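Work through the exercises below with the sequence and the model open side by side. Each task is followed by a solution in steps.

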Amino acid sequence: MTNFFGIELRSVMTGFAIFLTFYAYIPYIRGIRLGNIRPHVFSWIIWGATTFIVFFAQIAGNGGIGSVPIGVSGMITILVAVFAFRKRGDIEITKSDWFFFGLALSSLPFWFYFSNPLAAVIVLSLADILGFIPTFRKGYVLPNSEPLGFYLIFLFRNFLAIAALAEWNTTTLLFPTSAGLVCLIFVIMVKIRKWNLESNPDSELDKKQQT
């Protein structure tokens with residue numbers, strides 16, 4: 001389906017989506033360097049790989065100018081993955097983290113075998129979701145280790161990126177839609193977890209967060 005928004009409006013939405021990308025990432029990266037934010041290295045390595053590859057798949061699927069925010073996000077995500085790798089000692093890595101990390105990475109090479117970008121986007125979107133699982137676990141155990149505003153900004157950014165796409169089809173829509181929904185679910189999960197901890201201030205997990 002061809003986007004009914006004109007190129008001028010789509011250019012404005014693309015520009016704003018790129019601005020939100022930098023607006024979210026700059027303080028996030030600063031927080032990592034200061035030790036206030038502790039991202040899970042496995043999630044960010046997977047996101048960096050999938051986001052950047054999906055950018056090319058969206059271009060092939062006639063995403064047009066609306067694909068640019070995904071490309072910009074992919075490049076910055078790789079940078080965050082580098083900082084997350086340097087801070088990996090701050091995060092407990094469990095066997096389940098290794099399992100989902102390996103499962104997600106093992107799915108990435110399969111996109112080379114498909115002859116159309118849609119199949120690639122399906123595989124990469126699945127890998128991206130699997131890559132979120134270690135962060136979900138960390139967010140449950142340490143709900144104050146991630147700024148929820150960061151994920152809400154990206155939820156809105158993905159909405160703008162979707163609105164700015166030249167064509168709306170499964171190839172161009174699947175990745176930003178699934179990523180946005182996972183961000184929303186993550187925010188809701190962490191908020192509920194925080195409320196539960198606040199109602200039980202003497203819990204062991206709450207004490208662990210204060211150390």
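A cavity here is a set of grid points where a 1.4 Å probe fits but cannot get out, and its volume is the space filled by probe spheres set on those points. The model is predicted.

**Exercise 1. The cavity**

Task: Find how many cavities of 30 Å³ or more the whole structure holds, and give the space in the largest cavity.

Solution.
1. Searching the whole structure gives one cavity of 30 Å³ or more.
2. The largest cavity holds about 250 Å³ of space.
3. Its lining has 17 residues, and those closest to the centre are Trp47, Thr51, Phe154, Ala179 and Cys183.

**Exercise 2. The lining**

Task: State which elements give two or more residues to the lining of the largest cavity, and which gives the most.

Solution.
1. Two or more lining residues come from each of α2 (41–60), α3 (68–86), α5 (117–141), α6 (148–163) and α7 (170–199).
2. The most come from α6, which gives five residues.
3. By class, the lining of the largest cavity has eleven nonpolar, four polar and two charged residues.

**Exercise 3. α6 against α7**

Task: Decide how α6 and α7 are oriented to each other, and list the residues through which they meet.

Solution.
1. The axes of α6 and α7 cross at roughly 155° and come within 9 Å.
2. Angles over 145 degrees count as roughly antiparallel, so α6 and α7 are roughly antiparallel to each other.
3. The crossing of α6 past α7 is left-handed.
4. On the α6 side, the contact is made by Leu148, Tyr151, Leu152, Leu155, Asn158 and Ile162. On the α7 side, the residues met include Leu173, Pro176, Ala179, Cys183, Phe186, Val190 and Lys194.
5. The contact of α6 with α7 divides into 13 nonpolar, three polar and two charged residues.

**Exercise 4. α2 against α7**

Task: Repeat the analysis for α2 and α7, starting from the angle at which their axes cross.

Solution.
1. The axes of α2 and α7 come within 9 Å, with a crossing angle of roughly 160°.
2. By the cut-off of 145 degrees, that makes α2 roughly antiparallel to α7.
3. α2 passes α7 in a left-handed crossing.
4. Thr50, Thr51, Val54, Ala57 and Gln58 of α2 are in contact with Thr171, Thr172, Phe175 and Pro176 of α7.
5. Four nonpolar, five polar and no charged residues make up the contact of α2 with α7.

Key. Residues numbered from 1 in each chain as written. Predicted model: local features only at pLDDT ≥ 70, side-chain atom pairs only at ≥ 80, totals over all residues. Heavy atoms only, no water. 1 Å grid on protein atoms, 1.4 Å probe; cavity = no way out; pocket = protein on both sides within 12 Å on 5 of 7 lines; lining within 4 Å. Helix = DSSP H or I, 4+ residues; strand = E, 2+ residues; numbered from the N terminus. Nonpolar A, V, L, I, M, F, W, Y, C, P; charged D, E, K, R; others polar. Axes fitted to C-alpha atoms, helices over the stretch in contact; angles between N-to-C directions. Parallel < 35°, antiparallel > 145°, perpendicular 65-115°, else oblique. Left-handed = near helix turned anticlockwise from the far one by under 90°. Contact = heavy atoms within 4.5 Å.
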